[in-house]
Amino acid sequence: MRRTLPAVILPFLLLGAVPLHAQAPVPAPPQEEDGAQAQDPAATPAVGPEVEAPPPAEDAPVPASDDPDAAESGSTKVPLAEIQRYVAVYNAVKEAYVDAVDDHELMQSAIRGLLLDLDPHSAYLDKQQSDSFDEQTSGAYDGIGVELLQQQDNSLKVIAPIDGTPAARAGVLAGDVIIAIDGRPIAQVEGMEPLRGAPGSKVTITLVREGREKPFDVTLERETIKVTSVRSRMLEPGYAYVRLSTFQADTGTDFRQHLDRLQAGDRLRGLVLDLRSNPGGLLTAAVQVADELLERGGIVSTRGRIAISDSRFDATPGDRMHGAPVVVLVDAGSASAAEVLAGALRDNGRARVVGSRTFGKGSVQTVLPLDNGDSVKLTTARYYTPSGRSIQASGIVPDLELQPDPALVQRDVPPSLAGELSEATLPGHLHGDEEGAEGYQAGSALPGDQPIAAALAELKKLVAAAPAPAAMR
C-alpha cells in the first residue's frame, strides 16, 4: 500500500498498540488508536495553583504571554483569565470543602474534566487503563471479552461482545448497558477495570437491556482473552466466508493466510466478508485487508485541525481474489476501522455492502503517553472514504438492507436497539457532515446465520452477472 503523509509523521507509523510527555527525555513516539501515530506536543509551562508571581512594576511592559487579551487571541496561548478562575476554584475547594481533598486526586479530577465534554471517545487513561488499551490491540488480555464505551453517567455501554469470549457465550449483546459490577454501582467502581482479573475468577455484571423491564445479573468467569480476529470457512464450493471480529496487529497477515488457504488449488468464485459487530481497532490492519482485495485506488484518508493529523492510504497492485465478487456484511455494531474497510471496498466498486446502517464512528483517537505512565486519548482527526465522504455520525448505508431475524429479535435483541446503537445518539458526539439528513434511521444488530445466507444469495447474483474470466471463455 502507498501512504502519502507529512514527512514528520513517516518515522512514527507502526502497527503496534496505541499507547504526552511534556518534558525530556522523550519516550517512544505516541500512536493513534487506529494505527497512525502522533507527534509529541510542545512542552507547556506548569501552572501551579499555589504559585503566585510577584506583581510587575507599574511602568513595566506586559509580556504578550502574560496579557490575557493576547493570550486568548492565539490558539497556542494559555487563556490566563480562565487559569486564574480555575486557581480560585481550586483554592476554594482546598480551603472550604467539608473534607480534606488530596492534591493529586483533585488535579486528576480536573484533568479528566478537561477531556470529559470534548466527545465520547476522548478520555484520560490512568496507567492501568493505558496498559489494558495496549493489550487489547495486541490481542491478549485477562477479562470477559467485551468492547465498551463509558458514558457520561459512568455506565458502560456494550459496543460489541468479542467472538468466542465469556461475554459472547453468556449472551451479552451490543447495546446492553452495565450499571453495576459485583453488586457495586458503576459510580463506586474504577470504570472498566473490575471486569479484568485473574483467569478463573468470577465477576457478576448487572445489565439493563431495552425490552426487559428490570436489570438482570450475568455471572462470567474471566479468562485470558486471545482474540482470534479472523475466522473462515467454505459456505459452498467456490464460495468462501471470512469473519473479521476486530482489527489488531496481526489481522492483515491472518486475513491473507486464511484467504490463501480457502483458494488453495482453485480460485474462489466469491467471498462473503463478515464485519458485523466489529468495533474497529487498528487502522493499519483495516488498510492491509483492503489492500489485499484492491488492485488500485484510495483506501482512506484522515483530516484533522493540524497538518500532522492528515494522512492518506492507497492500494498497491495485487488483488488476492483476482477480481472475484465480494459482499461485505455489516450491522449497527460495525464501527470505526470496520466502516473504513467497508467504505473503501464499496467506493472502489470492489464490493457490495449488505446489512444495516453501521455505527458511524468516523473519528481517529491519538493516545498520548504522559511521563507518569498515564495517557490522554484525544480525538485528532476524522476518517474519509475514497470518495471524500465522512462517515461520522452517519455511518455506511448498505446497498441492500437486511432486517433482523424475528425469532432472534424476540429472544435476544430488543426492538428499540436499532434506535440506540449509533454514534449519533451518544451525548457530545462530533457533528457529522451528513448528520440529520432526511430519512436517517440508525441500523440494527443482525445476529444469527440468516444475514449470512442473504449475503451469499446476493453474492451469487454478482457472480452470475460478472463476465467469465478470460481463461474460462
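**Group meeting: strand β7 and its surroundings**

Hi everyone, let me start in the middle of things: strand β9, residues 202–208, pairs with β7 through four bridges, and the two run antiparallel. One of the facing pairs there is Val-177 with Val-208 of β9. Please keep in mind that this is a predicted model.

So what else pairs with β7? Strand β6, residues 156–161, is antiparallel to β7 and joined to it by two bridges, with Leu-156 standing opposite Ile-178. Then there is the short stretch β8, residues 184–185, which also pairs with β7 in the antiparallel sense, over two bridges. Here Ile-181 faces Arg-184. β7 and β8 make a hairpin with two residues between them, and Asp-182 in that turn has a positive phi of about 50°.

Is β7 mostly enclosed or mostly open? Four of its five residues, in the run 177–181, are buried, so the strand is largely enclosed by the rest of the structure.

Now let's step back to the whole chain. It has ten helices and 21 strands, and 48% of its 473 residues are buried. The accessible surface is about 22600 Å², with 52% of that belonging to carbon and sulfur atoms.

Inside, the largest nonpolar core holds 44 residues, and those touching the most other members include Leu-244, Phe-247 and Leu-273. Leu-273 has contacts well away in sequence, among them Val-242, Phe-255, Leu-293, Val-328 and Leu-345. A second, separate core has 18 residues, including Val-146, Ala-167, Val-172 and Ile-178. And Ile-178 is the β7 residue we met opposite Leu-156. Thanks, everyone!

Note on methods
Residues are numbered from 1 along each chain as its sequence is written. This is a predicted model: local features need pLDDT of at least 70, side-chain atom pairs count only at pLDDT 80 or more; totals for chains, interfaces and linings use all residues. Side-chain values use heavy atoms; hydrogens and water are left out. Buried means under 20% relative accessible area, exposed over 50%, partly exposed in between (1.4 Å probe, protein chains only). Accessible areas come from the Shrake-Rupley method with a 1.4 Å probe; for residues, only the protein chains shown count as cover. A nonpolar core is a set of buried Ala, Val, Leu, Ile, Met, Phe, Trp, Tyr and Cys residues joined through side-chain atoms within 4.5 Å. Contact means heavy atoms within 4.5 Å. Two strands pair if DSSP finds at least two bridges between them. Lists of a residue's contacts leave out its neighbours within four places in sequence.
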